[in-house]
Amino acid sequence: MMPNLKNLDIAEVNITALPIQAFYKSTNVENLILPNTLITIGEEMFYQSKLKTVVIPANATTIGNSAFEQCASLISIDIPANVETIGTAVFWGCSSLTTVTFEKGSQLKTIGGGSSSYYGVFSYCTALTSIEIPASVETIEAAAFKGCSSLATVTFENGSQLKTIGGGSYSSGAFSDCTALTSIEIPASVETIEAAAFKGCSSLATVTFENGSQLKTIGGGSSYYGAFSDCTALTSIEIPASVETIKASAFKGCSSLATVTFENGSQLKTIEGGYPSSGTFADCTALTSIEIPASVETIEAAAF
């Protein structure tokens, strides 16, 4: 009922949670300082509001599902170190969000997502150009950064504990359709890169794995998009020795992939295939030669 109120400072209000959907589709407040005592930002709290800036207090531990979804005016966000959980679709469609900063010492464990492209925390944040993932993060779920078409740089804080880069069927990978992403170094701690994780990253020319990689599986499936499918700028890849399975479609449609090598001591056992054109290296039309590691026991149908 205050249509001209643009700047609101409620830092001294002594509450741990705001009323349900307190700023849901709010059209007035643009700059907000939240209560110092706030612990939880509830679901859809600022859904489609006109917020440009918001100060989240140091005590906050949880940001609920869709809390800032489609806040098209939100420019930047600082996530306090105490935040452990960021729910699904929290910043989905925040098309002006250019800067996301995690406070040093972050305790964040999961960057949320889901099997659908509509559930990723940062899905379709089309102005976001770079992100540093805190060392504490263990899982980046499916669709977390899907469709972030300006995201050119993804780095991981030293000492990364990341284990899974998520994905799923169709194109719901953690970084699928990040068309500005040109290179990435996968932390040694990562054990699984799931189906479609980097699907359609058409500018991704360089993928490297940190020394001592623990990667076991490069994901895909006979009815899925593979982890790196349709990465049409990718010219070479060295598979870490720790990898045991390269799933169907993992590199399907990587039309510039000319060189595939395997690290010394490779433990690879299976190069998967399946339905026509769903093999691991299906439609890799630039690939001229490959040396299969001695450890390989199975090369399935349509693998190449």
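Let me begin with a term: a residue is called buried when its relative accessible area is under 20%, exposed when that value is over 50%, and partly exposed in between. Serine 249, at 1% relative accessibility, therefore counts as buried. I shall return to this serine shortly. Please keep in mind throughout that the model before you is predicted.

First, the chain as a whole. It contains 23 strands and zero helices. Its radius of gyration is 21 Å, close to the 19 Å that the globule rule gives for 304 residues, so the chain is as compact as a globular protein of that length. Along the principal axes, the C-alpha atoms fill a box of roughly 70 × 30 × 25 Å. Of the 304 residues, 50% are buried. The accessible surface of the chain amounts to about 12,600 Å², and carbon and sulfur atoms contribute 47% of that area. As to contacts with a separation of 6 or more, 55% are made by residues 24 or more positions apart.

Let me turn to the interior. Which residues have the most contacts inside the largest nonpolar core? They are Phe68, Phe91, Phe145, Phe198 and Phe251, in a core of 84 residues. Several strands give two or more residues to this core, among them E6 (76-79), E8 (99-102), E10 (130-133) and E12 (153-156). Further along the chain, E14 (183-186), E16 (206-209), E18 (236-239) and E20 also belong to that list.

Phenylalanine 251 deserves a closer description. Not counting residues up to four places away in sequence, phenylalanine 251 touches Ile218, Phe228, Ser229, Leu234, Ile237, Ile239, Ile246 and Leu257, and also Thr280, Phe281, Ala282 and Cys284.

This brings me back to serine 249. Serine 249 is located in the loop between strand E19 (245-246) and strand E20 (259-262). With neighbours within four places in sequence set aside, its contacts are Gly221, Tyr224, Tyr225, Gly226, Ser229, Ser278, Gly279 and Thr280.

Threonine 280 is thus a contact of serine 249 and is touched by phenylalanine 251. Where does threonine 280 lie? It is in the loop between strand E21 (270-271) and strand E22 (289-290). Is threonine 280 buried or exposed? Its relative accessible area is 0%, so it is buried. Threonine 280 and alanine 248 are 32 residues apart in sequence, yet their C-alpha atoms are 4.4 Å apart in space. Sequence neighbours within four places aside, threonine 280 is in contact with Ile246, Lys247, Ala248, Ser249, Ala250, Phe251 and Lys252, as well as with Ile271, Glu272 and Ala303.

Threonine 298, by comparison, lies in strand E23 (residues 298-299). Its relative accessible area of 34% falls between the two cut-offs, so threonine 298 is partly exposed. Again leaving aside neighbours within four places, threonine 298 is in contact with Lys269, Thr270 and Ile271. Between the C-alpha atoms of threonine 298 and phenylalanine 251, which are 47 residues apart along the chain, the separation is 17 Å.

Next, the strand pairing, starting with E16. E14 and E16 pair in the parallel sense over four bridges. Within this pair, isoleucine 184 stands opposite valine 207 in E16. In a regular strand the side chains alternate between the two faces of the sheet. In E16, Val207 and Phe209 are on the covered face, whereas Thr206 and Thr208 are on the uncovered one.

Towards the beginning of the chain, three strands form an open sheet in the order E1-E2-E4, with parallel pairing. Strand E1 (7-9) and strand E4 (53-55) are its edges, each pairing on one side only. Neighbouring strands in this sheet are turned by 0° against each other on average, direction ignored. E1 and strand E2 (residues 31-33) pair over three bridges, and asparagine 31 in E2 is the bridge partner of asparagine 7.

Finally, two residues with unusual backbone angles for discussion. Glutamine 21, in the loop between E1 and E2, has a positive phi of about 50° although it is not a glycine. At 31% relative accessibility, glutamine 21 counts as partly exposed. Alanine 196, also not a glycine, has a positive phi of about 65°. Alanine 196 lies in the loop between strand E15 (192-193) and E16, and its relative accessible area of 0% makes it buried.

Notes
Residues are numbered from 1 along each chain as its sequence is written. This is a predicted model: local features need pLDDT of at least 70, side-chain atom pairs count only at pLDDT 80 or more; totals for chains, interfaces and linings use all residues. Side-chain values use heavy atoms; hydrogens and water are left out. Two strands pair if DSSP finds at least two bridges between them. Axes are lines fitted to C-alpha atoms, for helices over the stretch in contact, and angles run from 0 to 180 degrees between N-to-C directions. Buried means under 20% relative accessible area, exposed over 50%, partly exposed in between (1.4 Å probe, protein chains only). Contact means heavy atoms within 4.5 Å. A nonpolar core is a set of buried Ala, Val, Leu, Ile, Met, Phe, Trp, Tyr and Cys residues joined through side-chain atoms within 4.5 Å. The radius of gyration is taken over C-alpha atoms; the globule rule is 2.2 Å times the number of residues to the power 0.38. Accessible areas come from the Shrake-Rupley method with a 1.4 Å probe; for residues, only the protein chains shown count as cover.
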